[in-house]
Amino acid sequence: MRSGKGPLVGYSVQIAVDVKHSLITEQQLYSNLNDFGLLAQTAVTARENLAVDKIDAVADKGYYSVTP
């Protein structure tokens, strides 16, 4: 990952949690420089792991992407 002092080793951890039961339903570790595009991927996998048709996903603005 880039920093003001040069490249650093860093990772982006993505976690989805079932709020009702406080259980981690999905986790992934990426070496991406940002979180763009990872919300949908994490949410879809969490939904599949929970075997439900629909989930609500909440994230900070770091997940914003101009592509659907």
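A nonpolar patch here joins side chains of Val, Leu, Ile, Met, Phe, Trp or Tyr within 5 Å, each residue having over 30% relative accessible area and no salt bridge. The model is predicted, and one such patch lies on its surface.

**Overall layout**

The protein chain has 68 residues, of which 21% are buried. Its secondary structure comes to 1 helix and 2 strands. From the N terminus, the order is β-β-α.

**The hairpin**

Strand β1 covers residues 12–18, and strand β2 covers residues 23–30. They pair in the antiparallel sense, over 7 bridges. Glutamine 14 faces a residue of like name: glutamine 28 in β2 stands opposite. The two strands make a hairpin, with 4 residues between them. Serine 22 sits in that turn and has a positive phi of about 55°.

**The nonpolar patch**

The patch consists of Val9, Tyr11, Val13, Ile15, Val17, Ile24 and Leu29. Together these residues have about 750 Å² of accessible area. Both hairpin strands take part: β1 and β2 each supply at least two residues. β1 gives the most, with 3.

Two patch members in β1 can be set side by side.

| Residue | Element | Relative accessible area | Class |
|---|---|---|---|
| Valine 13 | strand β1 | 51% | exposed |
| Isoleucine 15 | strand β1 | 47% | partly exposed |

The class turns on a cut-off: exposed means over 50%, and partly exposed runs from there down to the buried limit of 20%. Valine 13, at 51%, is therefore exposed. Isoleucine 15, at 47%, therefore counts as partly exposed.

Valine 13 also has a spatial relation to a residue further along the chain. Asparagine 32 is 19 residues away in sequence. The C-alpha to C-alpha distance between valine 13 and asparagine 32 is 9.7 Å.

**The helix**

Helix α1 spans residues 38–50, 13 residues in total. From first C-alpha to last, α1 reaches 18 Å. That is close to the 18 Å expected at 1.5 Å a residue.

Which residues of α1 are buried? They are Leu38, Thr42, Ala43 and Ala46. Seen down the axis of α1, the buried residues fall within an arc of 125°, so they line one face of the helix. Ala40 and Glu48 are exposed, on the other side of α1.

Technical notes
Residues are numbered from 1 along each chain as its sequence is written. This is a predicted model: local features need pLDDT of at least 70, side-chain atom pairs count only at pLDDT 80 or more; totals for chains, interfaces and linings use all residues. Side-chain values use heavy atoms; hydrogens and water are left out. Two strands pair if DSSP finds at least two bridges between them. Patches are made of residues with over 30% relative accessible area and no salt bridge: like charges are joined within 9 Å, nonpolar side chains (Val, Leu, Ile, Met, Phe, Trp, Tyr) within 5 Å. Accessible areas come from the Shrake-Rupley method with a 1.4 Å probe; for residues, only the protein chains shown count as cover. A salt bridge is a side-chain nitrogen of Lys or Arg within 4 Å of a carboxyl oxygen of Asp or Glu. Buried means under 20% relative accessible area, exposed over 50%, partly exposed in between (1.4 Å probe, protein chains only). The expected span of a helix is 1.5 Å times one less than its number of residues. The arc is that of the directions from the helix axis to the C-beta atoms.
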